Amino acid sequence: MLKDKNILLGVTGGIAAYKSPALVSALRKEGANVKVVMTPSACEFITPLTMQTMSNNPVHVETFNQLSNMDVEHISLAKWADIIVVAPATANTIAKFANGICDNLLTTVLMASRSKIIFAPAMNTYMLKSDANIKNMETLKERGVKILATASDILACNDIGEGKMLEPLEILEEIDEALTQKDLSGKRFLITAGPTVESIDPVRYISNHSSGKMGYALAKMAKYRGAEVTLISGPTNIKPPKTDKFVSVTSTQDMFEAVKNNFSDCDVLIKAAAPADFRPKVRAEEKIKKDKDAPNSIELEGNIDIAKYFGEIKDKQIMVGFAAESIDEIKYGMAKLKKKNLDMIVVNNIKAQGAGFKSDTNIASIIDREGNIDYLKKMDKKDLANIILNRVKNLF
Ligand code: PMT
């Protein structure tokens, strides 16, 4: 959660500095307070005025400014920050900080800081892989600095390889994770997400509208909060979050097998997926020709109810189910909670505006084993994920 967090962005002199204003903008949209320190070389690539406008705060460049309010600038900035993020971080600034050199305001602030620090390197591949830079990055890692990966691409120097700074939204996610309290560490979460797909023939299939967003939000937040996360996902069009293990599945039977392989090791199973309840009894090996052998109907058979199966055999595991309904969601949700022996069920009416499939928000009610119902307002799936995780945490 970045809201109201104080983020000090250090910008150093590399071409990737053109992405720094976008990072500031993204952080402010999340409600963070951002102040910027630029090295003199960074000012050759972008202007302090740009960063001032984007951050809505004065930009700091010089070490020897006239003191305002008799504040010692590098100390007050270091104390203000919940986290310092250097993006882009050049080989030069990495080397200076690794070796305790303070010859500009940014390196001085870094030395004076006791907060978390993230570096997002950006440089030519050979510089990145040079012995000196690798040693300097190792030194910083040993001191607790988080050094982000770089992407592989055509670089500004026309070389192809690693060294491209991560995109602003990727850096934002790393900051968010670093600032999140690790209150679920030591717990193992198994989370299912997305739809499953049941083939009719090599071309056609039966599925549903699940995008994976709800399950991915749960996996992402559980990981941010320090849990060990295994995510089992049906086919989706969105990028899965970073987890300890990711298992990609297609059919409900595949999802069942994947849950079975991971269930005994988990403390919590959250079933946010929308597995297909039925599959065609026969799957045609070749494409069904529409004019020749098109069937008038497709005979279906039932798939295994994964939640029910594990609800019946669970031992120590906490199990959270979801119910996607179009009417009477509380009534049906309560029945599913009991039938599947769940500890909690999250009910969403998929017909409500801003709820259920595909949207970034959801409107849910949480029902516990005692039948208590918590009616929640419309909120971001990420926020709902945190509420569900808080409820799970209370059950440990
Ligand atoms: O992915 P999004 O686009 O973000 O949408 C989110 C969502 C609507 C998919 C999600 O919020 C949700 O409601 N997921 C459950 C969908 C569903 O399958 O509901 P259900 O009422 O049919 O099933 C009840 C529970 O049993 C669910 O936990 C489901 O995962 C589980 N189930 C269902 C069928 C089956 N064969 N095996 C199961 O384990």
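**The ligand site and a parallel sheet**

Let me begin at the ligand, where one of its oxygen atoms lies 2.8 Å from a backbone N or O atom of Ala273, a polar contact in the sense of a pair of N or O atoms within 3.5 Å, where a pair within protein must also join a possible hydrogen donor to an acceptor, and residues adjacent in sequence count only if both atoms are side-chain atoms. The protein covers 96% of the 770 Å² of accessible area that the ligand has on its own, with areas taken from the Shrake-Rupley method and a 1.4 Å probe.

This is a predicted model, in which local features need pLDDT of at least 70 and side-chain atom pairs pLDDT 80 or more, while totals for chains, interfaces and linings use all residues. Residues are numbered from 1 along each chain as its sequence is written, and side-chain values use heavy atoms, with hydrogens and water left out.

Two further contacts involve the backbone: a polar backbone atom of Ala272 is 3.0 Å from a nitrogen atom of the ligand, and one of Ala307 is 2.7 Å from a ligand oxygen atom.

Which residues of the shell are closest? Around the ligand there are 27 residues, and the closest are Ser210, Ser211, Lys336, Asn348 and Lys358, a residue being counted if one of its heavy atoms lies within 4 Å. By class, the shell has 12 nonpolar, seven polar and eight charged residues, with Asp, Glu, Lys and Arg as charged, Ala, Val, Leu, Ile, Met, Phe, Trp, Tyr, Cys and Pro as nonpolar, and the others, Gly among them, as polar. Strand 17 gives the largest share, four residues, where strands are DSSP E runs of at least two residues and helices H or I runs of at least four, numbered from the N terminus.

Beyond strand 17, Asp328 is found in the loop leading to helix 12 (329-339), and although Asp328 is not a glycine, its phi is positive, about 45 degrees.

Turning to the sheet, six strands form an open sheet in the order 3-2-1-4-5-6 with parallel pairing, strands being paired if DSSP finds at least two bridges between them. Strand 3 (59-60) and strand 6 (146-147) are at the edges with a single partner each, so one side of each has no neighbour in the sheet. Five bridges join strand 4 (residues 83-89) to strand 5 (residues 116-121), and Ile83 stands opposite Lys116. Strand 4 also holds Pro88, and the peptide bond from Ala87 to Pro88 is cis, with omega near 5 degrees.
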